[in-house]
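Dear colleague,

I am passing on a structure that you have not worked with before, together with an account of what was found in it. Please look at the sequence and the model first, and then read the notes that follow.

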Amino acid sequence: MSLLTSPIKFEHITKEHGFVQVQCQCCQVIERATRLDTHPMSWLYAANHIGWRHVASEAFDIDVVCPDCVSLFNNPRQKPYKPAMRNAI
Ligand SMILES: [Zn+2]
C-alpha cells in the first residue's frame, strides 16, 4: 500500500470558543491554541510543523491526521508513544 502525505489545508483549521484548533479525523484528538490571539494561519503552520498531515492511499483519504496517527500509518506494528514519554525523547 502506498501512502501519500501532504500538508493539511487552511480550511481544516477551525475555531472553538474563539480559540483556533485542529482535530484529527482518525483518533479525534484536538490540538487547541492556548491564546485567543493565535492566528489561524500560524496555527496551520505550527500543526504542519509538528507533523499533522493529510494522508491518502488507494484505500482511504483523510484530510487531517495528527502526528501520532501519521506514525501509526507509517509503522503499523509500532506502538504509539505516550504523550509523557514523547516529551522525554
Ligand atoms: Zn490522531
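A good place to begin is the helix α1, whose face turned away from its buried side carries the exposed residues M41 and H49. Please keep in mind while reading that this is a predicted model.

The buried side of α1 is made up of W43, L44 and A47, which are buried. These residues cover an arc of only 100° around the axis, which puts them on the same side of α1. Among what covers the buried residues of α1 are the strands β3 and β4. Just after this helix comes G51, which takes a positive phi of about 115°.

For the overall layout, the chain has three helices and six strands, and from the N terminus on its elements run β-β-β-β-α-β-β-α-α. Of the 89 residues in the chain, 18% are buried. If one takes the contacts between residues at least 6 apart in sequence, 56% of them join residues at least 24 apart.

The strands β2, β3 and β4 form an open sheet, in the order β2-β3-β4 and with antiparallel pairing. Its edge strands are β2 (14-16) and β4 (30-32), each of which pairs on one side only, and the twist in this sheet averages 40° from one strand to the next. Between β2 and β3 the antiparallel pairing extends over three bridges, and E16 has F19, in β3, as its bridge partner.

A further open sheet is built from three strands in the order β1-β5-β6, where the pairing is antiparallel. Here β1 (4-7) and β6 stand at the edges with a single partner strand each, so one side of each is left without a neighbour in the sheet. Neighbouring strands of this sheet are turned by 20° against each other on average, with direction ignored. The strand β1 is joined by four bridges to β5 (residues 53-56), and the two run antiparallel; within this pairing, the bridge partner of S6 is H54 in β5. The helix α2 lies across β1, β5 and β6, and runs at about 30° to β5.

What, then, makes up the largest nonpolar core, and which residues have the most contacts inside it? This core has 15 residues, and those with the most contacts inside it are I8, V22, W43, A47, W52 and V65. The elements that give two or more residues to the core are β3 (19-23), α1 (40-50), β6 (61-65) and α2 (67-74), and α1 gives the most, with three residues. As a general matter, nonpolar side chains tend to be buried together in soluble globular proteins.

One residue of this core may be worth selecting in the viewer, namely W52. Leaving aside residues up to four places away in sequence, W52 touches I8, V22, A47, V64, V65, C66 and P67. Among these partners, I8, V22, A47 and V65 are also listed with W52 as having the most contacts inside the core.

With kind regards

Key
Residues numbered from 1 in each chain as written. Predicted model: local features only at pLDDT ≥ 70, side-chain atom pairs only at ≥ 80, totals over all residues. Core = buried A, V, L, I, M, F, W, Y, C linked by C-beta atoms within 7 Å. Buried ≥ 20, exposed ≤ 12 C-beta atoms within 10 Å, placed from the backbone. Contact = placed C-beta atoms within 7 Å. Pairing = 2+ DSSP bridges. Axes fitted to C-alpha atoms, helices over the stretch in contact; angles between N-to-C directions. Arc of directions from axis to C-beta.
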